[in-house]
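Reader: I am new to this structure and would like to understand the words used for it. Could you take me through them with the reasoning behind each?

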Amino acid sequence: MSGASPDDTIAVRAEESLAIERLEPYLRAHLPHTPGALHIRQFGGGHANLTYALSFGAGASSARYVLRRPPLGPVAPGAHDMRREFRVLERLYTGFAPAPQAYLLCTDHAIVGADFFVMERRDGIAFRHDVPKEYRERPDILRGVGEMLIDTLADLHTVDPAEVGLGELGKPEGFLARQMRGWTERWQAARTPDVGDGAELIAWLNARLPQARRTTLVHNDYKLDNLLLERGDPTRCAAVLDWDMCTRGEPLMDLGYLLALWLEPSELADRDAGWMPTWRSGFPSRAEAAERYAKRTRADLTDLPWFVVFNIFRFAAILQQIYVRFARGQTHDERFAGFGVKVEALLARGRALAELPV
């Protein structure tokens, strides 16, 4: 992307700029350390919430933070919840080291036009649409990345919510039915004429809704590009990001989402539809990933196929919510122009796994 830097930031897009004249004095009044001039850049890799790199001053004495706010335009009810994300990150770091610490929540929309929060900035690299070139011929490294991805998720699911002050987060009772109903409603609200209605897939999922077996913290958007990996050793996790949908519920929701996006070498033709670059040589297979998770958590994976199909549908709904903002002119980011095609590919994949007619 034009203007990108090695730390994955770009110059702030004009339509997504922040009101510096209001924001800067607010930050200086509420953050613990704000030496020198304020510099703002934007993280260019995200597709939904807007995320900015803040730095006060320069050199070793500078203070670096990350600011997150919802996307522009109307958003789905319950989505892009900065208050929830702040609540989680204000506490979770005490029991789960990959979670960055949050410092400040602002609910005064006079500052930037929406809720926002500020958290610590972690250093690392992200594997997004593909593996960085220096690791593509290193199957040993990629094996380690895949195993770390599973192990970090398993570690999250062993955190006692009460011990980190999140024992009252969300409503575990009825979690799966609520997820099914909520994502169906979001899907229908975001439909555009150029994508299918997904009716058969939704009916298949409703007819097979499983019972929850466990209750843990659930990230709800856990995938490779929501992790920062340590520079020089990407088999180690520097941070897990994007916690705005975190709740308590059935942890197979996280595993199903991760495996729904876990592309294998035989599926290479589908790699442009939004899946992770796990088709690169070295990554474990989906079956190996599931087995590793089960051994680490002792989870019963009987219902895992339902969770995989559901999360393919959910990912399609997430992309459709982004795409409809582009279709309505609420964002002009050209990255989103082809999302309708990606949504169609996801629906086709879901139908195939559910063995529905194509």
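Author: Helices and strands here are DSSP runs, of at least four residues for a helix and at least two for a strand, numbered from the N terminus. With that in hand, Glu250 can be placed in the loop between strand E10 (247-249) and helix H7. Please keep in mind that this is a predicted model.

Reader: What makes Glu250 a buried residue with no salt bridge?

Author: A salt bridge needs a side-chain nitrogen of Lys or Arg within 4 Å of a carboxyl oxygen of Asp or Glu. The nearest side chain of opposite charge to Glu250 is Arg214, at 4.5 Å, and Glu250 has no salt bridge although it is buried. The side chain of Glu250 does reach the backbone nitrogen of Leu252, at 2.9 Å. Leaving aside neighbours within four places in sequence, Glu250 is also in contact with Phe175, Leu176, Ala212, Arg213, Arg214, Val218 and Phe307.

Reader: Why is Asn220 called buried?

Author: Buried means under 20% relative accessible area, and Asn220 has 3%, so the word applies. Asn220 lies in the loop between strand E7 (216-218) and strand E8 (227-230), and its contacts, leaving aside neighbours within four places in sequence, include Gln179, Met245 and Arg314.

Reader: Is Arg191 buried, exposed or partly exposed, and how do you know?

Author: The relative accessible area of Arg191 is 31%, and therefore Arg191 is partly exposed, since that term covers what falls between under 20% and over 50%. Arg191 sits in the loop between helix H5 (175-190) and helix H6 (199-207), where it touches Gly196, Asp197 and Gln320, not counting residues up to four places away in sequence.

Reader: How do you know that the span of helix H8 agrees with what its residues should give?

Author: Helix H8 has 12 residues, 286-297, which at 1.5 Å a residue should span 16 Å, and its end C-alpha atoms are 16 Å apart, so the two agree.

Reader: Which residues of H8 are buried, and why are they said to be on the same side?

Author: The buried residues of H8 are Arg286, Ala289, Ala290, Tyr293, Ala294 and Thr297. They cover an arc of only 135° around the axis, and therefore lie on the same side of H8. These buried residues pack against helix H4 (139-156), helix H7 (252-260), helix H9 (304-327) and helix H10 (339-353), whereas the face of H8 turned away from the buried side carries the exposed residues Ala287 and Lys295.

Notes
Residues numbered from 1 in each chain as written. Predicted model: local features only at pLDDT ≥ 70, side-chain atom pairs only at ≥ 80, totals over all residues. Heavy atoms only, no water. Expected span 1.5 Å × (residues − 1). Buried < 20%, exposed > 50% of the residue type's maximum accessible area, 1.4 Å probe, protein only. Arc of directions from axis to C-beta. Contact = heavy atoms within 4.5 Å. Lys, Arg positive; Asp, Glu negative; His and termini not counted. Polar contact = N/O pair within 3.5 Å; in protein donor to acceptor, adjacent residues only side chain to side chain.
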